[in-house]
Amino acid sequence: MNQYKDLKKCTACHITLDIKTNFDRKETDQFSFQPVCIECSKSISKKAYRSNLSKQVDYQLQRSHRNMLNEALAQDVEETCPIKLRAMFPYFTDKQVTNMARLNEKVNAANDFLIEEQYLFLNPKERTPEGIEYRADLFDVKSDYDEDEELSIIREEQTDLDNQ
Ligand SMILES: [Zn+2]
């Protein structure tokens, strides 16, 4: 007799189980049992752990994008005006001035892109379907000179001058 007294229906899985083997006692009241069976309470706490973990990952991700945004915002804007560059580097050839102006324009455009990308990651609602403007005029057009080579020549000459 009284065998039904030892059974309890779990409020999560709705299975009726033996109360003493399948339910934990409440910590606050040793005479009553948890409403959820042991198996269900395990998966519930795992879910809670996972959602806590994903919250932390989200937080770290946001933080790293915020840092990248701040770094990009702190970047100095490079000089792109050939007249000002000419004044800054009087020993440059015209070609070097032109190349440097173009290179600096690229550096600025890349940094602007980075700023917008980080900002939109942090404010996804402001992202438009068109996306961020891509400066094809700067990045797609192949020029008649090898820019890296040109830059290394500029650097070499600068080092030579610094060493004098
Ligand atoms: Zn259950």
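This is a short selection-by-selection tour of the structure above, a predicted model.

**Whole chain**

Start with the full protein chain, coloured by secondary structure. Expect 6 helices and 2 strands. Walk from the N terminus and the order reads β-β-α-α-α-α-α-α. Now colour by burial. Of the 164 residues, 4% count as buried. Then turn on contacts. Among those with a separation of 6 or more, 49% join residues 24 or more positions apart.

**The strand end**

Select His14. His14 sits in the loop between strand S1 (7-9) and strand S2 (16-18). Check its backbone: phi is near 60 degrees, a positive value in a residue other than glycine. Is His14 buried or exposed? His14 is exposed, because its C-beta has 9 others within 10 Å, and 12 or fewer counts as exposed.

**Helix H2**

Select residues 38-74. This is H2, with 37 residues. Put a distance between its first and last C-alpha: the helix reaches 54 Å, close to the 54 Å expected at 1.5 Å a residue. How many residues of H2 are buried? The number is 0, so H2 lies largely in the open.

Stay on this helix and pick Leu61. Leu61 has 12 other C-beta atoms within 10 Å and is therefore exposed. Now add Leu122. The two lie 61 residues apart along the chain, yet their C-alpha atoms are separated by 9.6 Å.

**Helix H4**

Select residues 94-122. H4 has 29 residues, which at 1.5 Å a residue should span 42 Å. Its end C-alpha atoms are 42 Å apart, so the model agrees with that expectation. Which residues of H4 are buried? They are Val97, Asn99, Met100 and Gln118.

Next pick Val107, also in H4. Val107 is partly exposed, because 16 C-beta neighbours fall inside 10 Å, short of the 20 needed for buried. Add Leu138 to the selection. Val107 and Leu138 are 31 residues apart along the chain, with 10.0 Å between their C-alpha atoms.

**Where H2 meets H4**

Show both helices together. Two packed helices are described by the angle between their axes and the distance between the axes. Here the axes of H2 and H4 come within 9 Å and cross at roughly 150 degrees. That angle makes H2 roughly antiparallel to H4, because over 145 degrees counts as roughly antiparallel. H2 passes H4 in a left-handed crossing.

Now show the side chains of the contact:

- From H2: Gln62, His65, Arg66, Met68, Leu69, Ala72 and Leu73.
- From H4: Asn111, Leu114, Ile115, Gln118, Tyr119, Phe121 and Leu122.

Look at the spacing in both lists. An α-helix has 3.6 residues a turn, so residues three or four places apart point the same way. Colour the contact by class: 9 nonpolar, 4 polar and 1 charged residues. Keep Gln118 highlighted for a moment. Gln118 belongs to this contact and is one of the buried residues of H4.

**After H4**

Move on to Arg127. Arg127 is in the loop between H4 and helix H5 (136-139). Its C-beta has 14 others within 10 Å, so Arg127 is partly exposed. Finish with a distance to Glu116. Arg127 and Glu116 are 11 residues apart in sequence and 9.6 Å apart in space, C-alpha to C-alpha.

Methods
Residues numbered from 1 in each chain as written. Predicted model: local features only at pLDDT ≥ 70, side-chain atom pairs only at ≥ 80, totals over all residues. Helix = DSSP H or I, 4+ residues; strand = E, 2+ residues; numbered from the N terminus. Expected span 1.5 Å × (residues − 1). Contact = placed C-beta atoms within 7 Å. Axes fitted to C-alpha atoms, helices over the stretch in contact; angles between N-to-C directions. Parallel < 35°, antiparallel > 145°, perpendicular 65-115°, else oblique. Left-handed = near helix turned anticlockwise from the far one by under 90°. Nonpolar A, V, L, I, M, F, W, Y, C, P; charged D, E, K, R; others polar.
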